[in-house]
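Student: I have a structure to go through with you. I want to know what stands behind each label we put on it.
Tutor: Good. Show it, and ask.

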Amino acid sequence: MRIVDLRSDTLTKPTPAMRRAMAEAEVGDDVFGEDPTVNRLEEMAAERLGKEAGLFVASGTMGNLVSLLAHCNRGDEIILGDNSHTFYSEQGGAAAIAAIHPRTIPNQIDGKIAVKDIEAAIRPDDIHHPLSRLIVLENTHNRRNGSPLEVAYMRSVKNLADKYKLKIHVDGARIFNAAVALNVNPKDLVAVTDSVSFCLSKGLAAPVGSLVCGTQSFVDDARRARKVIGGGMRQAGVLAAAGIVALNEMVDRLADDHANAKKLAEGLANMEGLDIDSNGIKTNIAYFEITREDLTAIDLVSRLNEKGIKILASGAGRLRAVTHYHINAEDIDVTLDTFSKIFN
Ligand SMILES: Cc1ncc(COP(=O)(O)O)c(C=O)c1O
């Protein structure tokens, strides 16, 4: 049976070129700063994002956590969206590990948090309050249909951040999806931010790893933070080698994933019993709702699964499908055909 696995872009397996690069990688002890392949990847990442320095970390979650640890002191407050991955899906690590107080404000349908809401959340100088320190944005926004945040919005947040002397971190797990969808240089999307984390192991198909980029002094602090949470890796060049291939070879093809997600969304929009805003799908993630009373998300997932189509239930009637390197246009046809047998 043909399997079409749309649960996540993290399912992507390394390409043959990645496996070759991993086998041949030159390595050293990265905690001593002596792994040439890690060093090369960190320099490349910083260069791609227009930052001074980069740091290779195990995951997106670790990238966000070390960034928070580097920017904030115990008891500081961060302002972030209530549907952001950092708040919603990282086990509350900001509070549990970094002793940071999260202040959430609603994520808009397009993944933004409104500048006026950020301003209203900033604490006045009062001994009763925590100190507002950092604004955390997410680009693309996972739980908001993979929406990309545009340069103009980033600038408007920066104007506010400057007014109140706050810093900005971007969880750019899928920043290259945003850049491809908006047809801008990724540097422009993070030019106003103090730090950015991005993942190699999602749409870019590397097996492991994320990077954190910012000023040299921020990266020095993030490197110390990485060590205390056990993220000092040794001959990590075998992993970084795949990351270098990911950055060199896997960015431009993200446009195919976006086209496939759009095609899927437009097809699903024609089905009776499903609600999806296909205009809102701009990258590789599509959320949709079941409007039929007789079917739950779990039931639908299991009926599709029997026919080889895998998607994720992400709420009582809410589902998610994500396109990636192992999904082609024909897989989308097969998926839509299977849906239509259930819905039409
Ligand atoms: C927006 C976003 N940030 C961070 C992460 C965390 O990445 P990881 O699973 O590598 O920890 C994810 C994972 O899906 C994500 O979607």
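Student: Why is the contact between R2 and D331 called a salt bridge?
Tutor: The model is predicted, so the distance is a computed one. A side-chain nitrogen of Arg must lie within 4 Å of a carboxyl oxygen of Asp. For R2 and D331, N to O is 2.8 Å. That value meets the cut-off, so the label holds.

Student: What makes the pair R2 and D331 a tie between distant parts of the sequence?
Tutor: R2 sits in the segment before β1 (4–5), while D331 belongs to helix α14 (residues 329–343). The pair therefore joins parts 329 residues apart in sequence.

Student: How many salt bridges does a search of the whole structure find?
Tutor: It finds 21.

Student: Why do we say that β7 and β8 pair?
Tutor: Pairing needs at least two bridges between the strands. Strand β7 (residues 195–199) and strand β8 (residues 210–214) have five, in the antiparallel sense. The requirement is met, so they count as paired. In one of these strands, β8, C213 is the bridge partner of V196.

Student: In what order do the strands of the open sheet run?
Tutor: The seven strands are ordered β2-β8-β7-β6-β5-β3-β4, with mixed pairing.

Student: What makes β2 and β4 edge strands?
Tutor: β2 (53–57) and β4 (101–105) each pair on one side only. Across this sheet, neighbouring strands are turned by 20 degrees against each other on average, direction ignored.

Student: How do you know that helix α7 runs against β5?
Tutor: Angles between N-to-C directions go from 0 to 180 degrees. Helix α7 (residues 151–164) runs at about 175 degrees to β5 (132–138). That is close to the 180 end of the scale, so the two directions are nearly opposite. Helix α7 lies across β6 (167–171) as well.

Student: Which residues lie nearest the centre of the largest pocket?
Tutor: H85, N142, A173, R174 and K202, out of 19 lining residues. The pocket holds about 220 Å³ of space. Helix α3 (residues 60–71) gives the most to its lining, three residues. By class, that lining has two nonpolar, eleven polar and six charged residues.

Student: What makes Y287 and F288 nonpolar entries in the lining of the second largest pocket?
Tutor: Tyr and Phe both count as nonpolar. Y287 and F288 are among the lining residues, so they fall in that class. The full tally is four nonpolar, one polar and six charged. Strand β10 (residues 285–290) supplies the largest share, three residues. The space here is about 190 Å³.

Key: Residues are numbered from 1 along each chain as its sequence is written. This is a predicted model: local features need pLDDT of at least 70, side-chain atom pairs count only at pLDDT 80 or more; totals for chains, interfaces and linings use all residues. Side-chain values use heavy atoms; hydrogens and water are left out. On a 1 Å grid over the protein atoms alone, a cavity is a set of points where a 1.4 Å probe fits but cannot get out, and a pocket is an open set with protein on both sides within 12 Å along at least five of seven lines; lining residues have an atom within 4 Å of a point. Grid points are joined across faces, edges and corners, and a volume is the space filled by probe spheres set on the points. Helices (H or I, at least four residues) and strands (E, at least two) are DSSP runs, numbered from the N terminus. Contact means heavy atoms within 4.5 Å.
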